[in-house]
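Colleague: Could you take me through this model, starting with whatever I need in order to read its contacts?

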Amino acid sequence: QVQLVESGGGSVQAGGSLRLSCAFSGDTFSDYAMGWFRQAPGKERKFVAAISPGGNSPYYTDSVKTRFIISRDNAKNTVYLEMTNLKVEDTAVYYCAADDPRITGGYEFWGQGTLVTVSS
């Protein structure tokens, strides 16, 4: 069974940076597309960024595409989200998700989330 464990969340002032990590286990990491989602307090979970199994073709929601970078290290079974110039509105619980391209229906596996708090 695939397991995802996020880390790297914390509190930071606006304009600061954080790097989130998500460790993958339980299957062949390089077979999976990976994504980051976030859920702000009182709001629904939303897409942030995703990356293909081979690490090319990353894509982002518009609000982060000049500030966040998603990457992966298939040798380390880890996906990252480098976040810069953080804004108060980036405050949320960030979730890592794994999508098996062999199965239709979106992301099948989710981590427990890591909290990012950005203060002004």
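Modeller: A polar contact here is a pair of N or O atoms within 3.5 Å, and within protein one of the two must be able to donate a hydrogen and the other to accept it. Please keep in mind that this is a predicted model.

Colleague: Which backbone nitrogen does the side chain of Asp90 reach?

Modeller: Asp90 is found in the loop between E8 and E9, and at 0% relative accessibility it counts as buried, since the cut-off for that word is under 20%. Leaving aside residues up to four places away in sequence, Asp90 touches Arg38, Arg67, Phe68, Asn85, Val116 and Val118. Its side chain also makes a contact at 2.7 Å, and the partner is the backbone nitrogen of Lys87.

Colleague: Why is one side of E1 and of E7 left without a neighbour in the sheet?

Modeller: The open sheet has four strands with antiparallel pairing, in the order E1-E3-E8-E7. Strand E1 (3–7) and E7 stand at the edges, so one side of each lacks a neighbour because each has a single partner strand.

Colleague: Which residue in E8 does Ile70 stand opposite?

Modeller: E7 and E8 pair in the antiparallel sense over six bridges. Within E8, the residue opposite Ile70 is Leu81.

Colleague: How many residues does the largest nonpolar core have?

Modeller: Strands that give two or more residues to this core include E3 (18–25), E8 (78–83) and E9 (92–99). Among the residues with the most contacts inside the core are Leu4, Met34 and Leu81, and Leu4 touches residues including Cys22, Met34, Cys96 and Trp110. The number of residues in this largest nonpolar core is 29.

Technical notes: Residues are numbered from 1 along each chain as its sequence is written. This is a predicted model: local features need pLDDT of at least 70, side-chain atom pairs count only at pLDDT 80 or more; totals for chains, interfaces and linings use all residues. Side-chain values use heavy atoms; hydrogens and water are left out. A nonpolar core is a set of buried Ala, Val, Leu, Ile, Met, Phe, Trp, Tyr and Cys residues joined through side-chain atoms within 4.5 Å. Buried means under 20% relative accessible area, exposed over 50%, partly exposed in between (1.4 Å probe, protein chains only). Contact means heavy atoms within 4.5 Å. Two strands pair if DSSP finds at least two bridges between them.
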